[in-house]
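Here are some exercises to work through with the model open beside you. Try each task on your own before you read the solution.

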Amino acid sequence: MGRQRDYKMVGTVGNLIFYNHLGDYRMRTKPVSVKRSMASVKSGLNFGKASKISKQIRNGIATINPLPSDSRTMYRFTGAWNKFISWLEKQDPATPVRQNGLPFIQGFQFNEQSDLTSINAIGVTTGHPEPGLMEIRFAPLVPTEALQAPFNTDHILLKWILTATSLADVETEKLATGEISIPYVQELFQAPVISIPVMTKPDRILVMVLAVQYMVNRKNEIQLLGDLKKLPCGVLWAGRS
């Protein structure tokens, strides 16, 4: 911006704009128009899609997420989806479709202070015993050896939510929720098999988020341990329907 000293002009000459601002005659250059490349436009669209999906899933798991309003988690999760969408676009259509362990999504942590993947004993396998039905099986474990619980733990809750996201429509729905109560004992524990009706659609991404909650005995009262360092929550499994 500059002031007019010898003239009092209002109008446009070339790339200069002359105008009157509250009695003060000024001049400025026109803003430079930048033509965006197709790659830049595509990148912006992908980021917008990632941001919307991230928000939908975070809203869907808010009841089990120990940090539902954490802005850093929001940015990280959006970034993970943005990387996944970009990765997906680069895949050769002729190669076999990857169904399990989708990159950037599986293993994502909603609580950076407590890593779910550090509990090696917690794992799932998925299968489709018949069309339209999905089975989720947890690996057997010995709670006192595997779950890193405080000494006064009464039992442990595994709370999970399964979501399905359509990349074509950029819409997410909550397919199922559940809770598994594990007694804190030295005996082998086997969680029941989870069966969920699932419609097979090629563009849908399934995400299973798991939160581990330690229920401790304090003054003869069972309550949730509130230490964030003991509240892991993350994507246990991500795959296609």
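**Exercise 1. Find how β7 is paired with β8 and with β10, and how well β7 is covered.**

Solution. Keep in mind throughout that this is a predicted model.

Step 1: start with β7 and β8, which run antiparallel and are joined by 12 bridges. To check the register, pick Ile156, whose bridge partner in β8 is Ile182.

Step 2: look at the hairpin that β7 and β8 make. There are 4 residues between the strands, and Val170 takes a positive phi near 55°.

Step 3: turn to β10, which is antiparallel to β7 and joined to it by 13 bridges. Here Leu157 stands opposite Gln213 of β10.

Step 4: check the cover. Of the 14 residues in β7, 12 are buried, so the strand is mostly covered.

**Exercise 2. Work out the strand order of the open sheet that contains β5, β6 and β9, and name its edges.**

Solution. Step 1: trace the pairings of the 3 strands, which give the order β5-β6-β9 with antiparallel pairing.

Step 2: ask which strands pair on one side only; these are the edge strands, β5 and β9.

Step 3: follow the twist, which averages 25° from one strand to the next.

Step 4: inspect the β5 and β6 pairing, antiparallel over 5 bridges. A good place to look is Thr125, with Arg137 of β6 opposite.

**Exercise 3. Identify the central members of the largest nonpolar core and the strands that supply it.**

Solution. Step 1: as a reminder, nonpolar side chains tend to be buried together in soluble globular proteins.

Step 2: among the 33 residues of the largest core, Ile122, Phe138, Leu158 and Trp160 touch the most other members. At least two residues each come from β6, β7, β8, β9, β10 and β12. The largest share, 6 residues, is from β10.

Step 3: take Phe138 and list its contacts beyond four places in sequence. They include Ile122, Leu158, Ile180, Ile194, Met208, Leu210 and Leu236.

Step 4: look for another core. A second, separate one has 25 residues, including Ile61, Trp87, Ile105 and Ala238.

**Exercise 4. Describe the ring pair of Phe77 and Phe108, and say which parts of the chain the pair ties together.**

Solution. Step 1: such a pair is described by the distance of the centres and the angle of the planes.

Step 2: for Phe77 and Phe108 the centres are 4.7 Å apart and the planes make 45°, a tilted pair.

Step 3: place the residues. Phe77 belongs to helix α2 and Phe108 to the loop between α2 and β5, so the pair ties together parts 31 residues apart in sequence.

Step 4: check burial against the 20% cut-off. Phe77 has a relative accessible area of 0% and is buried, and Phe108 at 7% also counts as buried.

Step 5: widen the view to the aromatic cluster made of Phe77, Trp81, Phe84, Trp87, Phe108 and Phe110.

**Exercise 5. Is Leu231 buried or exposed, and what does Leu231 touch?**

Solution. Step 1: locate Leu231 in the loop between β11 and β12.

Step 2: read its accessibility. The relative value is 10%, so Leu231 counts as buried.

Step 3: list its contacts beyond four places in sequence: Pro66, Asn111, Ser114, Val212, Gln213, Leu224, Leu225 and Gly226.

Step 4: consider the contact with Pro66. The two residues are 165 apart in sequence, while their C-alpha atoms are 6.8 Å apart.

Conventions: Residues are numbered from 1 along each chain as its sequence is written. This is a predicted model: local features need pLDDT of at least 70, side-chain atom pairs count only at pLDDT 80 or more; totals for chains, interfaces and linings use all residues. Side-chain values use heavy atoms; hydrogens and water are left out. A nonpolar core is a set of buried Ala, Val, Leu, Ile, Met, Phe, Trp, Tyr and Cys residues joined through side-chain atoms within 4.5 Å. Buried means under 20% relative accessible area, exposed over 50%, partly exposed in between (1.4 Å probe, protein chains only). Contact means heavy atoms within 4.5 Å. Rings of Phe, Tyr and Trp (its six-membered ring) pair if their centres lie within 6.5 Å; planes under 30 degrees apart count as stacked, over 60 as edge-to-face and the rest as tilted. Two strands pair if DSSP finds at least two bridges between them. Axes are lines fitted to C-alpha atoms, for helices over the stretch in contact, and angles run from 0 to 180 degrees between N-to-C directions.
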